[in-house]
Amino acid sequence: MHATDALKEADRLMTVCNSCRYCEGLCAVFPAMEMRRAFTSGDLNYLANLCHACGGCYTDCQFSPPHEFNVNVPRTLATVRAQSYAHYAWPGALAVLFRRNGLFVALATAASVALFIFAFMGAGGAHFGEAVQGTGAFYRIMPHELIAWLFGGVFTFGLVALALSLRHFWRDIGDAAESPLAPRPLWQAIKDAGSLRYLDGGGVGCYNKDEKPDDNRRFYHHLTFYGFMLCFAATSVGALYHFLFEWEAPYPWWDLPVVLGTLGGLGLVVGPIGLLRAKRQRDPALLSEAGAGMDKAFTVMLLLTAVSGLLLLVLRATPAMNALLAIHLGIVFALFLSLPYGWFVHGLYRFAALVRYAQERARDA
């Protein structure tokens with residue numbers, strides 16, 4: 001017996017869909033569904049995280065509202081998907097906190113950390129309103145060791161929490177003894193995730209209020225994802241510079257960490273703004289209120305991280321640098337802390353579901 005109304009409804013819909021199978025060519029959800037005759041809660045969480053919510057099956061379905069069968073797969077699976085994040089999260093107490101008020105908690109955390117850094121700077125004799133320039137300028141405001149311990153600690157906690165949550169999810173959606181690292185399924189999943197293969201509504205794009213599908217969601221998802229990866233690469237290169245070569249930030253405009261960070265930051269400005277806009281343009285019938293707070297919180301935090309980082313880059317030689325550094329570090333800290341309990345996990349769970357799907361297809365071939 002399923003524990004939630006959303007899982008019970010998903011079970012009913014998958015039973016209806018398994019009798020029809022008209023949508024089997026649209027995405028991975030329906031071929032995966034056809035491999036089953038009954039659905040455990042783990043099966044439904046797996047199918048929900050395979051769904052990209054393009055809306056193609058809702059538009060094509062002869063049983064969607066106003067039909068009495070009331071089949072709305074994207075909305076129901078979106079609810080199941082959002083609930084699955086909290087269900088598998090570690091530790092669960094923080095998942096409840098972020099699920100209920102994600103944006104407020106993230107902003108409050110960012111403000112608290114920024115105030116702490118302001119206080120630390122003041123206690124250390126930092127002179128606000130005076131420009132601090134040259135090699136190591138950031139670390140004359142706040143020591144590199146403190147930044148490394150503070151952010152390394154919260155990032156490590158986030159990685160551990162994500163790893164334990166993902167392990168719980170993987171064990172629940174299929175054969176726990178099967179390795180997620182088998183080369184061929186893993187490579188297939190990497191290709192499908194990297195291209196957002198199933199976010200195309202069967203080839204026409206995602207559906208909106210005006211029922212004219214487009215590919216905007218996929219475009220903005222790509223900008224956001226690759227922007228995030230470029231910023232991660234910039235931070236990694238900067239760490240290598242510091243620890244291997246003792247080259248201290250800030251680096252010149254043409255140096256690799258700055259180039260990667262600038263390109264990534266631009267992606268994280270355009271991508272999240274586009275995603276927020278695309279969300280407003282979607283057909284309300286496809287949207288679920290469950291997880292809407294997490295979704296918005298993560299998107300806004302990415303946007304604030306990019307904007308504050310770019311401002312810091314542009315104004316780093318001015319008296320505004322001290323304040324911008326504190327604000328940017330506060331936002332980044334809150335982003336790291338919220339990663340295991342925000343919309344970031346949807347990428348990990350979706351990738352794990354794609355790996356499971358590739359394994360099932362390989363066994364079925």
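## Close-up views of a two-domain predicted model

**View 1. Two domains and their contact.** The centres of domain 1 and domain 2, taken over C-alpha atoms, are 29 Å apart. Their contact takes 30 residues from domain 1 and 35 residues from domain 2. Contact here means heavy atoms within 4.5 Å. Domain 1 covers residues 5-86 and domain 2 covers residues 90-364. These bounds come from an automatic or database domain assignment. The model is predicted: local features need pLDDT of at least 70, side-chain atom pairs count only at pLDDT 80 or more, and totals for chains, interfaces and linings use all residues. Residues are numbered from 1 along each chain as its sequence is written, and side-chain values use heavy atoms, with hydrogens and water left out.

**View 2. Helices α1 and α3 pack against each other.** Helix α1 spans residues 5-20 and helix α3 spans residues 41-50. Helices (H or I, at least four residues) are DSSP runs, numbered from the N terminus. The angle between α1 and α3 is about 80°, and their axes lie 10 Å apart. Axes are lines fitted to C-alpha atoms, for helices over the stretch in contact, and angles run from 0 to 180 degrees between N-to-C directions. The two helices are therefore roughly perpendicular, a word that covers angles of 65 to 115 degrees. From α1, Leu7, Ala10, Asp11 and Met14 take part, and they meet Ser41, Leu44, Asn45 and Leu47 of α3. By class, the residues of this contact are five nonpolar, two polar and one charged. Ala, Val, Leu, Ile, Met, Phe, Trp, Tyr, Cys and Pro count as nonpolar, Asp, Glu, Lys and Arg as charged, and the others, Gly among them, as polar.

**View 3. The second largest pocket lies between the domains.** A pocket is an open set of points on a 1 Å grid over the protein atoms alone, with protein on both sides within 12 Å along at least five of seven lines. This one holds about 350 Å³ of space. Its lining has 18 residues, and Gln188, Arg197, Tyr357, Ala358 and Arg361 are the closest to its centre. Lining residues have an atom within 4 Å of a point. Helices α9 (183-195) and α14 (345-364) each supply at least two of them. The lining has nine nonpolar, three polar and six charged residues. Both domains give residues to this lining, so the pocket lies between them.

**View 4. The largest cavity.** A cavity is a set of grid points where a 1.4 Å probe fits but cannot get out. The structure holds four cavities of 30 Å³ or more. The largest has a volume of about 120 Å³. Of its 14 lining residues, Cys17, Cys20, Tyr22, Cys23 and Cys61 are the closest to its centre. Helices α1 and α2 (29-34) each give two or more residues to this lining. The largest share, three residues, comes from α1. The lining divides into twelve nonpolar, one polar and one charged.

**View 5. Two cis peptide bonds.** One cis bond joins Pro65 and Pro66, with omega about 15°. Pro66 sits in the loop between α4 (56-60) and α5 (73-88). Another joins Trp90 and Pro91, with omega about -15°. Pro91 belongs to the loop between α5 and α6 (92-123).

Conventions
Angles under 35 degrees count as roughly parallel, over 145 as roughly antiparallel, 65 to 115 as roughly perpendicular and the rest as oblique. Grid points are joined across faces, edges and corners, and a volume is the space filled by probe spheres set on the points.
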